[in-house]
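I opened the notebook to look up one residue first, then the chains around it. My entries follow.

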Amino acid sequence: MKKIIAVLLTLTMTFSFGLIVLAKGSYPIIDDTVDYSSLRIPVITYEGDFIIESFELSDEEIELGKKLQDFHVHPAMTRHFSLIAHSHSIRDIKDGTAKQYVWNPSSIWVRNSLYPNESSWPAVSWTQSQSTTASATVSTSVGVDNSVVSTSVGASFTTSHTISTSTTITFTVPYQRDGRIKVNYYRPYKTFTCVTKYVDGLGGSATTWEETGPGNAIGTPYNIVATLELKTY
Amino acid sequence: MKKYIISTAIIIVLLIAAMILFLRQGDEKDNSVALETLQLIQIDSYIAISSNDITAYNRGIPFYLSVETKGKNNAEDVTDFFYETFDSVMLYSDAHGILFSTDSFIWAMAENTENQYNITLFIRPGLDEFIITEATKVDKIIFSANNEKMEYDLINCTVEAKETILEDKLYVASAVMLTDINEDLSAAISYGFFENTASVEGIELYYPAGFAKIEKHDFPEMTYRDDGVVYYQGYLHFLSKNEKVVFRPFIQVNYDGSSGWVVPAVPAYINYLNQNPD
């Protein structure tokens, strides 16, 4: 009995290694351990008086995104574990409800309890040195890499964005008021299905099957509005 | 004797040097603001004010300006300079003559780029000092600074007054101050209302038809409550690009089965997007 088990184990291992060799021999090997995010190119967009600093993908990251959508194998298991050749993609891309965000350049309310004389009212402003980062918010499954999402819906959905202003506007806080600046903005929200498609390269005709899972991503800020909040206390 | 003459001469030379230094410092301070660069940075302006409520900015008439400076200075220095230099301001209408004059200003300024400051000026007429019964075009703003007149043409500036709801019921606690016109020619706006004793049921904007190429406005279902304030977020839809728009509409608030007007604390300053410098 032990001999039979040993023979079966040997056969299984030989088969598995053979599969890997066959897979590696038939499909490109993609090194998925490389992180190209540091190569991204900053891009500045001026929208009215607002400045949005975003990033474009490097050629390397775009190339990776394209290659991952063709059948391939990985030499390492950084992204996901699979001994079988496969490809990644997303589908069923839908626009969801935009996400709303609020940011206070200064979270502290400026209280004018001391200066009834209007020439002494304290000021509040959003200056050029104050910025907020809308971080990259992307969620994938079944081993789909962000670069695949980028090539499908654009890098704006997989990279961060920084919002600042090019025009400083200042207002004073009237007597017996609290004042502060608040910035509202929206980001588009997309949902999609992540797909990893496998191919069995053995035999005369290859068979394929796929795994699917949820995914979503949030894009470039828009509809930026700076407001002055003045409240009695 | 000789020593006495030399000492006296040295003292005199030192005194003269100190005087020159003092005068130069004085000149530098006076010249730190290049008053000749003062300019209005607004084109189309519509300003709603209250005809019955003097509190805060309810009767404040705002103007947006910029000025360049020389040497080292900060917002406090520049603000002080304006308070010290400007004696009075007058609003003038070609149709009605002098509308309002005051020696009381509210200057606020911040450095926008190096040696360039953006300024917001509020003047707050008293209830009896500035009475208008219809939308009134203001054609000039005339400053008196160091006994010299500085006159600026206002391209399309209208001020209108209506009786507004008093704060014991509700007031505008949040007002859009800066927004941009998107590629689809819409500009996002936002107003928040603090409900003291009244509950807001809905709002509507009022401004002159066709003002600043605004075709229409809408308030989709983007309302939320936060910290006692009910927020309404909507859009202005422009017919074409526009810039340097100063927009403070009246807001008609429906509350508790009734309705009345309020004015936002400050105007929205609106520019078209893609102002990419070449």
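Is A:Leu39 buried, partly exposed or exposed? I noted first that this is a predicted model. I then looked up the neighbour count: 13 other C-beta atoms lie within 10 Å of A:Leu39. Exposed needs 12 or fewer and buried needs 20 or more, so A:Leu39 is partly exposed.

Next I looked up the location. A:Leu39 sits in a loop of chain A, after α1 (2-26) and before β1 (41-47).

Which residues does A:Leu39 touch, once neighbours within four places in sequence are set aside? I found A:Ser58, A:Glu60 and A:Glu61 in contact with A:Leu39. I also checked A:Ile52. It is 13 residues from A:Leu39 in sequence, and the C-alpha to C-alpha distance is 19 Å.

Then I took chain A as a whole. I recorded 3 helices and 14 strands. Chain A has 233 residues, and 36% of them count as buried. I looked at contacts with a separation of 6 or more in chain A: 79% of them join residues 24 or more positions apart.

Confidence came last. I noted ipTM 0.85 and pTM 0.83 for the model. Chain B has a mean pLDDT of 89, with 88% of its residues at 70 or more.

Where does pLDDT stay under 50 in chain B? I found that stretch at residues 26-30. For residues 26-30 of chain B, the model has 1 contact beyond four places in sequence. I added a caution: predicted coordinates should not be read in detail where pLDDT is low.

Conventions
Residues are numbered from 1 along each chain as its sequence is written. Chains are lettered from A and ligands numbered from 1 in the order in which they are written. This is a predicted model: local features need pLDDT of at least 70, side-chain atom pairs count only at pLDDT 80 or more; totals for chains, interfaces and linings use all residues. Helices (H or I, at least four residues) and strands (E, at least two) are DSSP runs, numbered from the N terminus. Two residues are in contact if their C-beta atoms, placed from the backbone, lie within 7 Å. pLDDT is the predictor's confidence in each residue, from 0 to 100.
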